[in-house]
Amino acid sequence: MYKLDEFKQLVKDFSDVADFLVIYIAEAHSTDGWAFKNNYDINQHQSLEDRLSAAQVLVQSEPLCPVVVDEMTDVTTIKYGALPERLYILQAGKVLYKGGKGPWGYNPAEVRSFLEKIK
C-alpha cells in the first residue's frame, strides 16, 4: 500500500470521527505481471485464497484498521475505479470525497484536509 505510514497517521488522528477500512483488490504490481524491483513477491491472484494470502502481507504491516478483500470478480474495484489504489470518504452510503487514482493521484494529505473540516 502506497504511503502506508501517512495512511496510518490518518487512522490515528481521525479515528474519533471516521471509520477506516482497506479493501485489498487485485495486485497492481504482481511478480508475474507488471513488477518492479524491491516489490513484494506476489503473483496475480488466481483464486480467492491467493488474494486472501496476499492481503496478509498488508495485514502484517498493521494498517490500524480492518482489511477486507474484494471478490475475484473485482466488483469493488470496478464500482469505485480503484485500480491500482484510491482513497474515498463515504458517509451514509454517499461519496463525499473521491481521490485520484494511485499512485500519483493517491493523496492522504487531501483526505486529511477534508477530515479536518468535518472534525
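A polar contact here is a pair of N or O atoms within 3.5 Å; inside the protein, one of the two must be able to donate a hydrogen and the other to accept it. Keep that in mind for the first view, and note that everything shown comes from a predicted model.

**View 1. Asp74 and Arg51 meet across the chain.**
A polar contact of 2.9 Å joins the side chains of Asp74 and Arg51, which fits within the 3.5 Å cut-off. The two residues also form a salt bridge, with N to O at 2.9 Å. Arg51 sits in helix α2 and Asp74 in the loop between β2 and α3 (75-80), so this pair links distant parts of the chain, 23 residues apart. Is Arg51 buried or exposed? With a relative accessible area of 2%, Arg51 is buried, because buried means under 20%.

**View 2. The surroundings of Asp74 in its loop.**
Stay in the loop between β2 and α3, where Asp74 lies, and look at the backbone. Asp74 is not a glycine, yet its phi is positive, at about 60°. Setting aside residues up to four places away in sequence, Asp74 touches Ala26 and Arg51. The C-alpha atoms of Asp74 and Ala26 are 7.4 Å apart, although 48 residues separate the two along the chain.

**View 3. Thr77 in helix α3.**
Helix α3 is where Thr77 is found. Thr77 has a relative accessible area of 9% and is buried. Which residues does Thr77 contact, leaving aside its neighbours within four places in sequence? They are Ile25, Asp70, Ala82 and Leu83.

**View 4. A cis peptide bond ahead of Pro84.**
One of the contacts of Thr77, Leu83, leads straight into this view. The peptide bond from Leu83 to Pro84 is cis, and its omega is near 5°. Pro84 itself belongs to the loop between α3 and β3.

**View 5. The β3-β4 hairpin and its turn.**
Strands β3 (88-91) and β4 (94-98) run antiparallel and are joined by 4 bridges. Across the pair, Tyr88 stands opposite Lys98 in β4. The two strands form a hairpin with 2 residues between them. Ala92, in the loop between β3 and β4, has a phi near 50°, a positive value in a residue other than glycine. Ala92 counts as exposed, at 85% relative accessibility.

**View 6. The buried side of helix α4.**
Which residues of helix α4 (residues 108-118) are buried? They are Pro108, Val111 and Leu115. These residues cover an arc of only 55° around the axis, so they lie on the same side of α4. Their cover includes α1 (4-14), β3 and β4. At the start of the helix, a side-chain oxygen of Asn107 comes to within 3.0 Å of the backbone nitrogen of Ala109.

**View 7. The largest nonpolar core.**
This core holds 19 residues, and those touching the most other members are Phe7, Phe20, Leu87, Val111 and Leu115. At least two residues each come from α1, β1 (22-24), α2 (48-60) and α4. Which element supplies the largest share of the core? It is α1, with 5 residues. Val111 and Leu115 also appeared in View 6, among the buried residues of α4.

**View 8. Asp13 and Arg112 tie α1 to α4.**
How many salt bridges does the model contain? The count is 2, and here is the one formed by Asp13 and Arg112, whose closest N and O atoms are 2.7 Å apart. Asp13 lies in helix α1 and Arg112 in helix α4, so the pair ties together parts that are 99 residues apart in sequence. Asp13 is partly exposed, at 27% relative accessibility. Arg112 is partly exposed too, with a relative accessible area of 23%.

**View 9. Pro63 against α1.**
Pro63 sits in the loop between α2 and β2 (67-69). Why does Pro63 count as buried? Its relative accessibility is 3%, and buried means under 20%. Not counting residues up to four places away in sequence, Pro63 touches Leu4, Phe7, Lys8, Val11 and Leu58. From Pro63 to Val11 the C-alpha atoms are separated by 8.3 Å, and the two residues are 52 residues apart along the chain. Phe7 links this view to View 7, being one of the core residues that touch the most other members.

Methods. Residues are numbered from 1 along each chain as its sequence is written. This is a predicted model: local features need pLDDT of at least 70, side-chain atom pairs count only at pLDDT 80 or more; totals for chains, interfaces and linings use all residues. Side-chain values use heavy atoms; hydrogens and water are left out. Buried means under 20% relative accessible area, exposed over 50%, partly exposed in between (1.4 Å probe, protein chains only). The arc is that of the directions from the helix axis to the C-beta atoms. Contact means heavy atoms within 4.5 Å. A nonpolar core is a set of buried Ala, Val, Leu, Ile, Met, Phe, Trp, Tyr and Cys residues joined through side-chain atoms within 4.5 Å. Two strands pair if DSSP finds at least two bridges between them. A salt bridge is a side-chain nitrogen of Lys or Arg within 4 Å of a carboxyl oxygen of Asp or Glu.
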